[in-house]
Amino acid sequence: MNHALTAAAAGFGTGLSLIVAIGAQNAFVLRQGVRRDAVLAVVGICALSDALLIALGVGGVGAVVVAWPGAVRAVGLIGGAFLLCYGALAARRVLRPGTGLRAEGEAVGSRRRAILTCLAMTWLNPHVYLDTVFLLGSLAADRGPLRWTFGLGAALASLCWFAALGFGARLLGRFLARPTAWRVLDGLVAVTMLGLGATLLAGS
């Protein structure tokens, strides 16, 4: 029992250390949380996607994917182009404040856009595969029979983080209700996504 708890705690800590960083996915979840726009759906997609990818990594899929480096390169090119486009849209909102988002309410049809964007942000991001499938998968393999317990801890860390990020962002609603604050947030999102997109394209 103690060994299982240790493996789960190690998985939780490792998973948390990998996802608690400024990135495209976290920036998107934060933005949706502040807007109160499809938060439950976005948090659910991120957490379930991580759990699935972690399971694939623990199951040994990472070793299979490594055998086809061309697939990783293709995902990098597509994901990099997607991040550049999304970053350009955020930069446009900075230059044109009138198109900025409001912290209250939901726009018509925004739920579908949020879900599709979240899916693309998650599954077209090569860093997600590197962190969950390859890195966590290899670390879990060292745990032997307890590798699935390690993976369960990592998946729980992902769920806790995205829930805290999405629903906790509402506490910032009053501050980010000001247009200037939205421009600052969009500026940070634009810089983050443009930088990640350029890095992915250069690496691919």
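These are my notebook entries on a predicted model of a helical protein.

**Overall layout**

I started with the secondary structure and got nine helices and zero strands. Reading along the sequence, I wrote the pattern down as α-α-α-α-α-α-α-α-α. The protein has 204 residues, and 40% of them count as buried. I then looked at contacts between residues at least 6 apart in sequence, and 89% of these join residues at least 24 apart. For the surface, I noted about 10500 Å² exposed, with carbon and sulfur atoms supplying 71% of that.

**How far to trust it**

I checked confidence before going into details. Mean pLDDT for the protein is 77, and 78% of the residues reach 70 or more. Which helices sit at the two ends of the confidence range? Helix H4 (residues 61-66) is lowest, at a mean of 61, while H3 is highest, at 92. I also flagged residues 99-108, where pLDDT stays under 50. The model still has 24 contacts beyond four places in sequence for that stretch.

**The H2-H3 loop**

Next I went through the backbone angles. Arg36 has a phi near 60 degrees, a positive value in a residue other than glycine. Ala38 also caught my eye, with a positive phi of about 50 degrees although it is not a glycine. Arg36 lies in the loop between helix H2 (24-35) and H3, and Ala38 is found in the loop between H2 and H3 too. Are these two buried or exposed? Arg36 has 45% relative accessibility, so I put it down as partly exposed. Ala38 has a relative accessible area of 2%, under the 20% cut-off, so it goes down as buried.

**Ser49 in H3**

I moved on to helix H3 (residues 39-58), where Ser49 has its place. Ser49 is at a relative accessible area of 5%, so I marked it buried. What does Ser49 touch, leaving out residues up to four places away in sequence? I found Thr122 and Trp123.

**H5 and the surface patch**

Helix H5 covers residues 69-95, and Leu77 is in it. Ala74 is found in H5 as well. I looked up how open each one is: Leu77 has a relative accessible area of 39% and is partly exposed, and Ala74 counts as partly exposed at 36% relative accessibility. Which residues join Leu77 in a nonpolar patch on the surface? They are Ile78 and Leu201, and the three together have about 230 Å² of accessible area. For Ala74 I also took a distance to Leu124, 50 residues apart from it along the chain. Their C-alpha atoms are separated by 9.8 Å.

**H8, length and burial**

Last, I ran a length check on helix H8 (residues 147-168). At 1.5 Å a residue, its 22 residues should span 32 Å, and the end C-alpha atoms are 31 Å apart, so the two agree. Which H8 residues are buried? My list has Phe150, Gly151, Gly153, Ala154, Ala155, Ala157, Ser158, Phe162, Leu165 and Gly166. I kept a reminder beside that list: an α-helix has 3.6 residues a turn, so residues three or four places apart point the same way. Phe150, Ala154, Ser158, Phe162 and Gly166 are among the buried ones, and I will look at them on the structure with that spacing in mind.

Definitions and conventions
Residues numbered from 1 in each chain as written. Predicted model: local features only at pLDDT ≥ 70, side-chain atom pairs only at ≥ 80, totals over all residues. Heavy atoms only, no water. Patch = residues over 30% accessible without salt bridge, like charges linked within 9 Å, V, L, I, M, F, W, Y side chains within 5 Å. Areas by Shrake-Rupley, 256 points an atom, 1.4 Å probe, with all protein chains shown as cover. Salt bridge = Lys/Arg side-chain N within 4 Å of Asp/Glu carboxyl O. Helix = DSSP H or I, 4+ residues; strand = E, 2+ residues; numbered from the N terminus. Buried < 20%, exposed > 50% of the residue type's maximum accessible area, 1.4 Å probe, protein only. Expected span 1.5 Å × (residues − 1). Contact = heavy atoms within 4.5 Å. pLDDT = per-residue confidence, 0-100.
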